[in-house]
Amino acid sequence: MARVSSKKPRDTLPIDPMPARVDPCLATLVAKPPKGPDWAYEVKWDGYRIAIYIEPGRARILTRGGCDWTERFPTIVDDARRLAVKTAIFDGEAVVLDDKGRSDFRMLQRALGRLPSAVEAGAIVFYAFDLLYLDGRDLRRLPLRERRRLLEPLVAGRGGAVRLSEEVQADGEEFYRVACAHGLEGIIAKHVEKPYRSGRGEWWQKITCKRRDSFVVIGFEPSTVPGHTGRLLLAARNGADLVYVGGCGTGWSHDLSRALRSLLEGMVAKTPAVSLRRKNAVFTEPVLVAEVEYRAWTDDGKLRHASFEGIRQRADEASVFDMASLRV
């Protein structure tokens with residue numbers, strides 16, 4: 001009878017040199033969660049993607065692009081040194097949580113900013129969702145379910161700066177609905193049988209919850225295509241005034257791009273509705289309102305990942321986004 005080994009998968013792997021850097025696995029944006037028993041789900045954190053590299057005597061933090069941000073996350077580095085590992089690479093997200101436990105990108109920006117802020121760098125926590133290397137062994141060739149099995153005992157249940165991003169075995173559509181209802185950024189779906197592969201692929205998928213509001217159109221930037229719209233310039237209410245909140249340059253068809261350009265050229269203003277200088281901008285009378293989907297706000301009050309949904313006449317002020325709601 002064959003002898004069954006009691007060794008765990010981690011113990012049977014060959015010794016591997018620790019990589020100086022691993023390009024991250026990136027999720028592909030899809031419209032709805034995948035179905036099936038081979039998929040697990042996590043909250044999509046709204047922060048900075050980073051990796052922690054732990055070696056004897058030191059811990060480093062590298063960004064998605066490979067920049068060394070070790071000095072910017074002192075609390076995470078200090079907590080990572082206490083983990084029961086000799087060498088390891090943790091993949092995850094640095095976030096700041098609001099009072100409801102949701103990741104808030106604007107709060108993270110303030111914590112990392114140079115200006116005085118009520119949000120300190122110590123408020124930043126790291127949610128680990130993958131383990132790529134552990135005590136001399138490269139784990140990237142293992143399926144996700146095995147990597148998670150090794151990751152969880154190291155960080156689960158911790159309340160410090162290094163925590164576990166919980167994996168949920170559930171119906172993807174229901175989890176997505178609940179996540180959006182609670183004001184989260186979205187969810188991530190991961191195939192539990194796939195190894196870790198750098199770059200973007202279908203084995204990790206992201207499904208985002210989008211926000212939708214109305215903003216005053218104050219101008220546009222022409223497209224490089226003659227006769228077309230390159231970008232709408234948008235404003236929100238700020239008391240009795242308007243304030244520039246960025247723009248959107250996606251969400252319209254070829255024909256609609258041309259129609260918008262024709263419409264806006266018929267209402268060019270002599271002076272801008274807001275104090276703004278932008279090269280090549282054409283300012284218009286603030287009489288139209290654009291419906292815009294977007295992911296979140298930056299710390300300086302600009303829309304993130306805005307996409308055009310429709311346009312209408314500016315009938316009343318109540319429908320226009322009020323910046324005071326960001327300060328509630």
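## Strands and their pairing

Two strands count as paired if DSSP finds at least two bridges between them. In this predicted model, strand β9, which covers residues 186-191, and strand β10, which covers residues 199-208, are joined by five bridges and run antiparallel. One pair can be named for orientation: Ile188 has Lys206 in β10 as its bridge partner.

## The sheet

The two strands belong to an open sheet of four strands, whose order is β1-β10-β9-β2 and whose pairing is mixed. At its edges lie β1 (25-29) and β2 (39-43), each of which pairs on one side only. Direction ignored, neighbouring strands of this sheet are turned against each other by 40° on average. In general, the strands of a sheet pair through backbone hydrogen bonds, either parallel or antiparallel.

## The helix across the sheet

Helix α5, made up of residues 172-181, lies across β2, β9 and β10, and runs at about 155° to β9. Which residues of α5 are buried? They are Gly172, Phe175 and Ala179, where buried means under 20% relative accessible area. Seen down the axis of α5, these buried residues fall within an arc of 65°, and therefore they line one face of the helix. This fits a general rule: an α-helix has 3.6 residues a turn, so residues three or four places apart point the same way.

The buried residues of α5 pack against β2 and β9. After the helix comes Gly183, which has a positive phi, near 75°.

Terms used. Residues are numbered from 1 along each chain as its sequence is written. This is a predicted model: local features need pLDDT of at least 70, side-chain atom pairs count only at pLDDT 80 or more; totals for chains, interfaces and linings use all residues. Side-chain values use heavy atoms; hydrogens and water are left out. Axes are lines fitted to C-alpha atoms, for helices over the stretch in contact, and angles run from 0 to 180 degrees between N-to-C directions. Contact means heavy atoms within 4.5 Å. Buried means under 20% relative accessible area, exposed over 50%, partly exposed in between (1.4 Å probe, protein chains only). The arc is that of the directions from the helix axis to the C-beta atoms.
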